[in-house]
Amino acid sequence: MKRPTVAVAGAAIAFAFLALPLAGLMARAPWSDVVGDLTTPESLDTIRLSLVCSAWATVVAAALGLPLAWVLARVPFPGR
């Protein structure tokens, strides 16, 4: 099966747009200080905040998304 060239090119550009800056940051990071930097109180607070926010976002998305998905799948409405 032949892949659409435009779609593959777009996906490659999108991947490069995300991967190249990340690779540049990783190349410049001082890896010898990572453990010490990740165990500072400020880093632990930011990691905890990120985990709490992502957990709440998952709960809210599930709480709102599951009933909406059920309605969209089961209830007929105009424009469906």
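In the predicted model, Trp 56 is exposed, because its relative accessible area of 57% lies over the 50% required for that class. This residue belongs to helix α3, which comprises residues 41–74. Trp 56 also contributes to a nonpolar surface patch, in which it is joined by Val 52, Val 59, Val 60 and Leu 64. Together, the five residues of this patch present about 510 Å² of accessible area.

The secondary structure of the protein consists of three helices, with zero strands. Read from the N terminus, the order of the elements is α-α-α.

The overall dimensions were examined next. The radius of gyration of the protein is 21 Å, whereas a compact globule of 80 residues would have a value near 12 Å. The C-alpha trace extends over about 60 × 40 × 20 Å along its principal axes.

Solvent exposure was assessed for the whole protein as well as for single residues. Of its 80 residues, 1% count as buried, a class confined to relative accessible areas under 20%. The exposed surface of the protein amounts to about 7,300 Å², of which 76% is supplied by carbon and sulfur atoms. The nonpolar patch that includes Trp 56 on helix α3 is one local feature of this surface.

With regard to charge, the protein carries 6 positive and 4 negative charges. The mean position of the positive charges and that of the negative charges are separated by 33 Å.

Conventions. Residues are numbered from 1 along each chain as its sequence is written. This is a predicted model: local features need pLDDT of at least 70, side-chain atom pairs count only at pLDDT 80 or more; totals for chains, interfaces and linings use all residues. Side-chain values use heavy atoms; hydrogens and water are left out. Helices (H or I, at least four residues) and strands (E, at least two) are DSSP runs, numbered from the N terminus. The radius of gyration is taken over C-alpha atoms; the globule rule is 2.2 Å times the number of residues to the power 0.38. Buried means under 20% relative accessible area, exposed over 50%, partly exposed in between (1.4 Å probe, protein chains only). Accessible areas come from the Shrake-Rupley method with a 1.4 Å probe; for residues, only the protein chains shown count as cover. Lys and Arg count as positive and Asp and Glu as negative; His and the chain ends are not counted. The place of a charge is taken as NZ of Lys, CZ of Arg, CG of Asp or CD of Glu. Patches are made of residues with over 30% relative accessible area and no salt bridge: like charges are joined within 9 Å, nonpolar side chains (Val, Leu, Ile, Met, Phe, Trp, Tyr) within 5 Å. A salt bridge is a side-chain nitrogen of Lys or Arg within 4 Å of a carboxyl oxygen of Asp or Glu.
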